[in-house]
Amino acid sequence: MKNLLLIFLILISTSLAYSQEKFTLNGYVKDFDNGEELIGVTVLVKEINNGVITNVYGFYSITLPAGKYTVIYSYVGYNNVVYEVELDQNIERNIELTPASIQLQEVVVSDEAPDKNVSDVSMSRNEVDISQVKKLPALLGESDLLKTVQMLPGVVTAGEGTSAYFVRGGSADQNLILIDEAPIYDPSHLFGLFSVFNADAIKDSELYKGGIPARYGGRLSSILDVRTKDGNNKRLQGSGGIGWLASRFQLEGPIQKEKSSFLLSARRSYVDLFLAAAGEDNRAFFYDVNAKVNWKHQNNNRFFLAAYLGRDAFRSGDDFGFDWGNKTTTFRWNHLFNERLFSNTTFIASQFDFGLEFIDPVQGFDWTARIQQLSFKEDLTYFLTPKNEVNFGYHVSWQKFSPGKIEPTVEGSIFVTTDLQRLFALDHAFYLSNKQTVSDRLTLEYGVRLSVFQNIGKSTIFTYEDQQDNTNTNVIGSTAYNSFETIKTFVNPEPRFGAKYTLTPTSSIKVSYNRMAQNVHLVSSGTVPLPFNTWQPSSPYLDSQLADQVAIGYFRNFKDNAYEFSVEAYYKDMDNVTDFADNADIFFNEHLATEFRQGSSEAYGLELFLKKNEGKVTGFAAYTLAKAERTVPGVNLGQPFDANYDRRHNISLVGTYNHSKRWDFGMNFVYNTGRPTTIPSGRYEYQNYNVDFITERNGYRLPDFHRLDLSATLTPLKNEGRKWKTSWVFSIYNVYNRKNPFTLFTEEGDQPGEKTAKMVYLFPILPSVTYNFRF
C-alpha cells in the first residue's frame, strides 16, 4: 500500500512542475428543454487543445493560467456552445445545450464525445442508449434495458426469458446492479421475463466489464450503474404506454421552476386480470414505482431524493404461492467546497425480500427471507489541473442477512416455527485514484481501493467435526458473539490501472488491470438466480472471493466517428469462488456451512465490437469467443469443469432503421453456444428409492440458442403541432419460432426403473402491439 501511494504521488507531481497564477471556470451543463444535467459533455479549451468532461452529476471544473480562452461545449445530438472568456478571476458558468434537430420524433442522444471510443482512457465499458432500447423489438412489447445489456460483447444471457446475465466468465451474482447508487439484489419481474428497469424513467446507464474505476467495488465481474431522470424542471410533461402484458405511466415537472422538480413513474402487469376473467384460479402480476424529487438551492448545494419499489406475486390455485421484491431509497447531496473540490454525499437504504407459502392441511407453512443494507458514501473529486482529476472517498455499509423463517399456517402442521440465525456485516471501502493526461498521446488512470469487510455479531459460530463433509453435521464447539462484535475481518487491497496510447487521431490502444473483492455469496445450486435464493456474508466458513483481470484492446473510428470498432482480449483469474457440494441440500439447512465449497475459476476471451452511430441505419454487431472453467475441491471429484455460464461463441446483431418520419424498424439477432448442464449418468437403489448418480458436473451441453426479433414503430403525421403525441410499436419475438431449450430434466419412464430426459422450451413466436403516448 505504501509503495502504491508513493507511485501515485510521484505521478501527480509530474503535472505540478510550475507555479503561475491560475483561476477556475466551473459550472453545470444541462438540457435546454427539460433542465436535466448532461453527463459526459466535452468542455474543450481551444488554446490548449485540452479540456474535461462533465461528471455523472453534470458538473465540470477546469483550472487555467490567467488569460483569454475560447471554450467549446460539445455533446452528441446537441448544438455546440462557444464561450469566449477573460479568465482573470474564478468564474461560475452554467450552460444549456439545445438539441441539434428539434423534430417531432424523439431526439436520439448519446452521452459520449464523438471520438470517445478512441480518445478516452476507459475500456471494457459500454453505455446503453435508452432511446435506441425503446426502438428495438421487445418481449411482449415491454422495452427492457437488461435485454439490450445481454447482447453486448462479453455478456451472455442466462437463458430465454430471464434477466440474469454473465460477464466475462463470472456468475450472475458477481454483477453489481445499481439504481441511483442503491444495490438491486434481484433485477427480475415475472421470473425474469422483464427487468426492474422502467425504460421511461432511465436517464443514463453504464456497464463496466473491466478497467473498473476505484470508486466501484463489491463484485467480481461487472458494475451496471443505472441513473434515473431528475424530472423536467421547466414544464409539466407525461408519457406512458399500453401493452399486451403491462401498462405504464410517467409524470414529471417543476415544483419551483428551474429550482426543483419531481418525477413519478409506475408500471403494472395485468396477467392476473386476464386469468381471473377466464375463470382461472392462478394469479401472477408485478408492479414497480420510481419516484424522485430534487432541489437545486444554488450551484454549491443540490439535493436529490429517489425511491424505487417493486413487487411480484404468484399463486397457483390453492396449492402454493410466493412473492418477492426490492425497495430502495437514495438521498444525495452535491456540494461544492470551492471551485475545484466537488463532493457527493449519499445515504442509501436497500432491501430485497421474498416469501413462499405452501397450502396444505398437514404441511402448510410460510417461509420468509430478506437481505437489508444501509449505506453511507462520501465521494469527492478534486480538479487539480486540466491534466489531473483526482477522485477519493469512503463507503460504509451495514448489512443484515435473514436467510429464512418458517412458520406453520395450520393447526397440527408437521412444521414448527423455525428461524435460521441472522447474520450481520460491516463493509468499509477507502479509495483514491487519478486520471492523468501525461501527453497528447498518453493518458493514465490509476488508483487503489481498500476493502475492509467485518463479519460481526450478534451470532453464534459453530465448529464442525468436518466442515467439508456434508453427511457429518456433528458440532464439536461453538462461540457466541455480541452485537457488533467482530467475528472475522477480511482486508483486501484492490489496485486499479488503465492506460490509453493514441496511435493516430482515429485509433488507439488501451490496457487495463483491476483486482476486485466480493464478500457476499449467493446461496444457489442452479445456474440462474431465482427469487427465493438467499445470500451469505464472508465469515469463518467463507473467504472473500477475489478476481484479477487484465485486458488489452485496439480501438478505431471511421468516417468522422460514424463507425466505432474495437477488439479486446481479456484474462481473468478468480480465487475462492463459491460453489456447493454435489447433491447439496441448501433449502432451509441449519448446517449450510457444511455444504460450502470454494475453489478457483479461470476465464479468457476475445471480443469484437462494431457500432454505427449515424445515418438512417444505426446499431451494433458483437462477437465473443470465450472460455470459463472452474476447479473446486469436493466438486466433480476435484477435476476442472466448464462453468454453468461457459459459452464458446456468442453473436449479437442489433439495428434500427429510420425509414421516414412515420416509420422506424428494429431488429435483434442472437446466437449462443449451448450452455453446459448436469444430467445423471446412472442410478442406484437406496431403501426402496431410485437415486440419480452423477459422475460429472456440466458434462452435457444443451443445443445452441438463436433467435430473431423484429419491430416496427409507427409515428402518425398528425402528431405535428400537437401537444399529445402518440406512436404504435409492433413486435414479433422469435420470428422463425425456434425452440430454444431452457433446461433439461429427467423423469420416470413408462417401465419401472426407467428414466427419460425432457427438454423444456419457453417461448414460441410471439407478436405484440404497444400504444405509446407523451404530452
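Phe191 sits in the loop that joins strand 14 (188–189) to strand 15 (194–195), where strands are DSSP runs of E of at least two residues and helices are H or I runs of at least four, both numbered from the N terminus. This is a predicted model, in which local features need pLDDT of at least 70 and side-chain atom pairs count only at pLDDT 80 or more, while totals for chains, interfaces and linings use all residues. Residues are numbered from 1 along each chain as its sequence is written, and side-chain values use heavy atoms, with hydrogens and water left out.

The C-alpha atoms of Phe191 and Ser163, 28 residues apart along the chain, are separated by 8.2 Å. Two residues with intermediate accessibility are listed here; buried means under 20% relative accessible area, exposed over 50%, and partly exposed in between, with a 1.4 Å probe and protein chains only.

| Residue | Relative accessible area |
|---|---|
| Phe191 | 39%, partly exposed |
| Val293 | 36%, partly exposed |

Val293 belongs to strand 21 (residues 282–298).

The largest nonpolar core, a set of buried Ala, Val, Leu, Ile, Met, Phe, Trp, Tyr and Cys residues joined through side-chain atoms within 4.5 Å, has 29 residues, and those with the most contacts inside it include Leu145, Tyr165 and Phe197. Helix 4 gives the most to this core, with 3 residues. Because domain 2 (125–225) and domain 3 (226–774) both give residues to this core, it lies between them, the domain bounds coming from an automatic or database domain assignment. Apart from this core lies another, of 22 residues, among them Phe23 and Leu64.
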